[in-house]
Every structure is written in structure tokens, then in C-alpha cells.
Amino acid sequence: MSVLYLPDCPTSCENALQAVNFSECAPEYHWGEISKVYIAPADLDLSGFDVTDLADWTALLADNGDDKIRTLIGMGEMGEPEISEIATSGDRKAYGFRQYSIAFTIDETNDINYSWMAMTGCNTNYKFWFETSDGLLYGGNDGLEGTAVFHQLIPKGRTEIVTFQGTFKWQSRFAPLRCESPMA
């Protein structure tokens, strides 16, 4: 379970409202599509790792090696997380951990990538980060800990390509940390 971002939640009925910022003249937008997922063994030692430091990433990114982070290139999306709402006394509500899910498609289906895809059937936990097409990186210094399960899809038409499609899933009470990607 990933517990990465703990905002200062109110502890009484007298709480401050979080600030917001909207601009009529120069609104800031971010574009969709998750274009990369960085994936590592769940037990990878990230002591001293700074997610914003390109040198730290350069030292850990590799296509092979047990203590390295792999780069998966594809197209993906993250929808609204699932969350349980529990009625409690006094007409109050309690909310459980959110179940986040990223649907991701890989279209480079060579033998090495096929072996990686097949290994996701081993029910292994991973650490991962994801990057959007406009250069935002999610996951913080520790990464998101969760599962990845992928399958090969073979279309019936000769004008379509084979893909690996799957999901990355993790649980957290809060949205993942984000920053500008040093690799963008």
C-alpha cells in the first residue's frame, strides 16, 4: 500500500480551507495521456533517492539488472479511483483507502517485452512512477507500491498491431505526489 502524501488534515470542526488559484487571463492546463511508466522491484532500496534529480534517475534507469528501474513506453490513462463510503454514527461518513488504477497499452511487443509481460502473471508487487505527455511525474521519492498485470491482445485484422494491455493498481488515502519530470 502506498501512503506517500499526507496533507495537513483538519483535526477539529474549525479548519482552514485549502487555497486555490484560478486565472481568467492565463489559466494553467495539463494535457492527458500517461506516456511512460517507470517500474522497479518492490524491495528496491531508494535511500537518498530524489525524484526530482536527473542524476539519481540516470543511476537507476536500465533495461536490465535486478536493482534498476525499467522504462515502459506506451499510452495510458488514470480514471477516478474507487473508494468506499461507510456510514457512521451522527450522520457522518468515513472514507476508506482509494483504489487507483492505470490502464496502459504497450505496442512494442518484441520477445524481451513479451517475457516481461508474461512475468506480470506472478502476482508480484512493484514500485512504479508514471509520467504524462506534458512532463509531470507522479509517485514521489518512494514510488507507488502496487501490482501490474498485463495480457497480450492479438487482433483479428492484419492491419492492426498486437499489444500488451494491462493495469497498474495501488491503494492510498491521498492522491500521489507529483513534480516536473527531470527526464522530460
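**Figure 1. Ser181, in the segment after strand E10 (178-180).** In this predicted model, we start at a residue that follows a strand. Ser181 is buried, and its relative accessible area is 8%. Setting aside residues up to four places away in sequence, Ser181 touches Glu131, Gly135 and Leu137. With Glu131 the link is also polar: the side chains of Ser181 and Glu131 make a polar contact at 3.0 Å. That partner is the subject of the next view.

**Figure 2. Glu131, a buried acidic side chain without a salt bridge.** Glu131 belongs to strand E6, which covers residues 125-132. Where is the nearest side chain of opposite charge? It is that of Lys36, 4.7 Å away. A salt bridge requires a Lys or Arg side-chain nitrogen within 4 Å of a carboxyl oxygen, so the 4.7 Å to Lys36 does not qualify. Two polar contacts of the Glu131 side chain are worth displaying here: one to the side chain of Tyr38 at 2.7 Å, and one to the side chain of Ser181 at 3.0 Å.

**Figure 3. The surroundings of Glu131.** If you would like to select the residues around this side chain, here is the list, with neighbours within four places in sequence left out. Glu131 is in contact with Glu33, Ile34, Ser35, Lys36 and Tyr38, with Leu136 and Leu137, and with Ser181, Met183 and Ala184. Leu137 appears in the Ser181 view too, as one of the residues that Ser181 touches.

**Figure 4. Asp91, a loop residue with positive phi.** Asp91 sits in the loop that joins strand E3 (85-88) to strand E4 (92-95). Its phi angle is near 60°, a positive value in a residue that is not glycine. Is Asp91 buried or exposed? Asp91 is exposed, with a relative accessible area of 80%.

**Figure 5. Asn123, another non-glycine residue with positive phi.** For Asn123, phi is near 55°. The residue lies in the loop between helix H2 (111-119) and E6, and E6 is the strand that holds Glu131. Asn123 is exposed, at a relative accessible area of 71%.

**Figure 6. Pro7 and Ala175, 168 residues apart along the chain.** What separates the C-alpha atoms of these two residues in space? The distance is 9.9 Å. Pro7 is placed in the segment before strand E1 (34-41). Pro7 counts as partly exposed because its relative accessible area of 31% falls between the 20% and 50% limits.

**Figure 7. The whole chain, as a setting for the close-ups.** The chain has two helices and ten strands, arranged along the sequence as β-α-β-β-β-β-α-β-β-β-β-β. Along the principal axes, the C-alpha atoms fill a box of roughly 60 × 40 × 40 Å. Of the 184 residues, 29% are buried. Among contacts with a separation of 6 or more, 69% join residues 24 or more positions apart. The exposed area is about 12,400 Å², with carbon and sulfur atoms supplying 50% of it. For anyone thinking about charges, the chain carries 12 positive and 27 negative ones, and the mean positions of the two sets are 7 Å apart.

Key: Residues numbered from 1 in each chain as written. Predicted model: local features only at pLDDT ≥ 70, side-chain atom pairs only at ≥ 80, totals over all residues. Heavy atoms only, no water. Helix = DSSP H or I, 4+ residues; strand = E, 2+ residues; numbered from the N terminus. Buried < 20%, exposed > 50% of the residue type's maximum accessible area, 1.4 Å probe, protein only. Lys, Arg positive; Asp, Glu negative; His and termini not counted. Polar contact = N/O pair within 3.5 Å; in protein donor to acceptor, adjacent residues only side chain to side chain. Contact = heavy atoms within 4.5 Å. Areas by Shrake-Rupley, 256 points an atom, 1.4 Å probe, with all protein chains shown as cover. Charge placed at Lys NZ, Arg CZ, Asp CG, Glu CD.
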